[in-house]
Amino acid sequence: MLHFRDRLRDMPSYDLTERDWKIKVNANESPFNLPPLVEERVMARLSGVAFHRYPTEEGEALREAIGRNCGLNRENVWLGNGSSEIIEKLFYAFGGAGHTIVYPEPSFSMYKIYLRAAGAEGVSVELFEDYRLDVKSFIRKVNDSRAALAVLCNPNNPTGGYLSLSEVEEIAREVSCAFLIDEAYIEFAGPSASQLLSRYPHLMVARTFSKAYGLAACRVGYLLAAKEVVDMVQKAYMPYHLNVLSTVTADIVFQMRQEYEPRLHMVMAERQRMFDRLSEIEGLTVFPSATNFLLLRTEKAASLEAALAAAGIGVRSFGGAARLKNCLRVSLGTREENDTVWQAIQAFMTRGE
Ligand SMILES: *Cc1c(COP(=O)(O)O)cnc(C)c1O
């Protein structure tokens, strides 16, 4: 008999099995690998790495650069293995028995897993019917539950909705507990809440290189927060938690981030184009999105997903998740991929099965 810790047995597992999709639009990845100029610099830099040393300066240089870019200091930036690790550690840092974490529903499915792992109590705030956030109700729940941590995903995964900076600020003003904004998709949306940090020291912003910067394989994300928060969160990490290969790659990507501007614009243009075309299909609801994906809803979601899979197109469904019944999330790919996806959806929906 193996005696695992209490909460582990009934923890859900995150299913990562993948088919060899012809078109993979199920994980909000970038359809593009490194831009050629960036790849060249990355390869040159990797060949100069001191493989026999524990990594130290590389991460410090990246923290400095990220901080400088948003008017902050290195002490306000912390790097993690993807923003996933940052979020998990923040849940740990503010969680524990008797501590409440408030989050919107539906939102990023991992929040519920992190909060269980952190041994915290969860309180969810239902989004409106059209998936907009009820700002007043969010504020009320955070304050009424005396939450230790409030989490908001902006723009929201998987609904695509976006809260303006002034709405985020309204929440920051009205709650006094730790307030985390998960900005995994902010590059596709609008200004980052990081510019509010100087006024609201309880605000924390988690960002990632995985989505807009197409660096999902490297697992690099970062936290922007008050020095006090970074100092505490740091204690939850092992020394040398980031490997040098990912760190120097992210460093170059960050230095060369202007190379990604055309891609970001392409994704946003494709988002509008796909939104318009998919909206015309009868029996299909498309939700407005400020991200690199679109959420669709149709009575025929299960058979549509199967038809797309049969055509080699992988999209994301949500099993029995609350409020996401009959929904499919489709990431934006290249223009050609999007055309194929649209054709497949259109063909299926007009066949009337
Ligand atoms: C993808 C994603 C993340 C984290 O991605 P990492 O690869 O771990 O940086 C965090 N939050 C949301 C909502 C995401 O969709």
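The largest cavity holds about 80 Å³ of space. The model it sits in is a predicted one. Across the whole structure, the search finds one cavity of 30 Å³ or more.

**The cavity**

Which residues line the largest cavity? One stretch of its wall is Glu29, Ser30, Pro31 and Phe32. Phe188, Lys211 and Ala212 also take part. The rest of the lining is Arg263, Leu264, Val267, Asn292 and Leu332. By class, seven of the lining residues are nonpolar, two are polar and three are charged. As for how such space is found, rolling a probe the size of a water molecule over the atoms shows where empty space is left.

**Salt bridges**

The structure has 16 salt bridges. Three of the pairs are set out here.

| Pair | Closest N to O distance |
|---|---|
| Asp251 and Arg45 | 3.1 Å |
| Asp130 and Arg132 | 3.0 Å |
| Glu170 and Lys136 | 2.7 Å |

Take the salt bridge between Asp251 and Arg45. It links distant parts of the chain: Asp251 belongs to helix 8 (residues 244–255) and Arg45 to helix 1 (residues 36–46), 206 residues apart. Is Asp251 buried or exposed? Asp251 has a relative accessible area of 6%, so it counts as buried. Its partner Arg45 is partly exposed, because its relative accessibility is 28%.

Asp130 pairs with Arg132 in a salt bridge. Asp130 has 41% relative accessibility and is therefore partly exposed.

Glu170 and Lys136 also meet through their side chains in a salt bridge. Glu170 is in helix 6 (residues 165–174) and Lys136 is in helix 5 (residues 135–144), so this pair ties together parts that lie 34 residues apart in sequence. Lys136 counts as exposed, because its relative accessibility is 53%.

Salt bridges also form a network. Its members are Glu270, Arg273, Arg277, Arg335 and Asp339.

**Backbone features**

Two cis peptide bonds deserve a look. One runs from Glu105 to Pro106, with omega near 0 degrees. Pro106 is in the loop between strand 3 (100–105) and helix 4 (110–117). Another joins Asn154 and Pro155, with omega about -5 degrees. Pro155 is in the loop between strand 5 (149–153) and helix 6.

Positive phi values turn up in residues other than glycine. Tyr131 has phi near 75 degrees. Where is Tyr131 found? Its place is the loop between strand 4 (121–126) and helix 5. Tyr131 is buried, because its relative accessible area is 4%. Asn326 has phi near 65 degrees, again a positive value in a residue other than glycine. Asn326 sits in the loop between strand 12 (316–317) and strand 13 (327–331). With 23% relative accessibility, Asn326 counts as partly exposed.

**A buried strand residue and a surface patch**

Ala225 is part of strand 8 (residues 221–225). Its relative accessible area is 1%, so Ala225 is buried. In sequence, 28 residues separate Ala225 from Leu197. In space, their C-alpha atoms are 6.8 Å apart.

At the surface, Leu2, Phe4 and Leu8 make a nonpolar patch of about 320 Å². Leu8 lies in the segment before strand 1 (23–24). Why does Leu8 count as partly exposed? Its relative accessibility is 41%, and partly exposed covers the range between the buried cut-off, under 20%, and the exposed cut-off, over 50%.

Conventions
Residues are numbered from 1 along each chain as its sequence is written. This is a predicted model: local features need pLDDT of at least 70, side-chain atom pairs count only at pLDDT 80 or more; totals for chains, interfaces and linings use all residues. Side-chain values use heavy atoms; hydrogens and water are left out. Patches are made of residues with over 30% relative accessible area and no salt bridge: like charges are joined within 9 Å, nonpolar side chains (Val, Leu, Ile, Met, Phe, Trp, Tyr) within 5 Å. Accessible areas come from the Shrake-Rupley method with a 1.4 Å probe; for residues, only the protein chains shown count as cover. A salt bridge is a side-chain nitrogen of Lys or Arg within 4 Å of a carboxyl oxygen of Asp or Glu. Helices (H or I, at least four residues) and strands (E, at least two) are DSSP runs, numbered from the N terminus. Buried means under 20% relative accessible area, exposed over 50%, partly exposed in between (1.4 Å probe, protein chains only). On a 1 Å grid over the protein atoms alone, a cavity is a set of points where a 1.4 Å probe fits but cannot get out, and a pocket is an open set with protein on both sides within 12 Å along at least five of seven lines; lining residues have an atom within 4 Å of a point. Grid points are joined across faces, edges and corners, and a volume is the space filled by probe spheres set on the points. Ala, Val, Leu, Ile, Met, Phe, Trp, Tyr, Cys and Pro count as nonpolar, Asp, Glu, Lys and Arg as charged, and the others, Gly among them, as polar.
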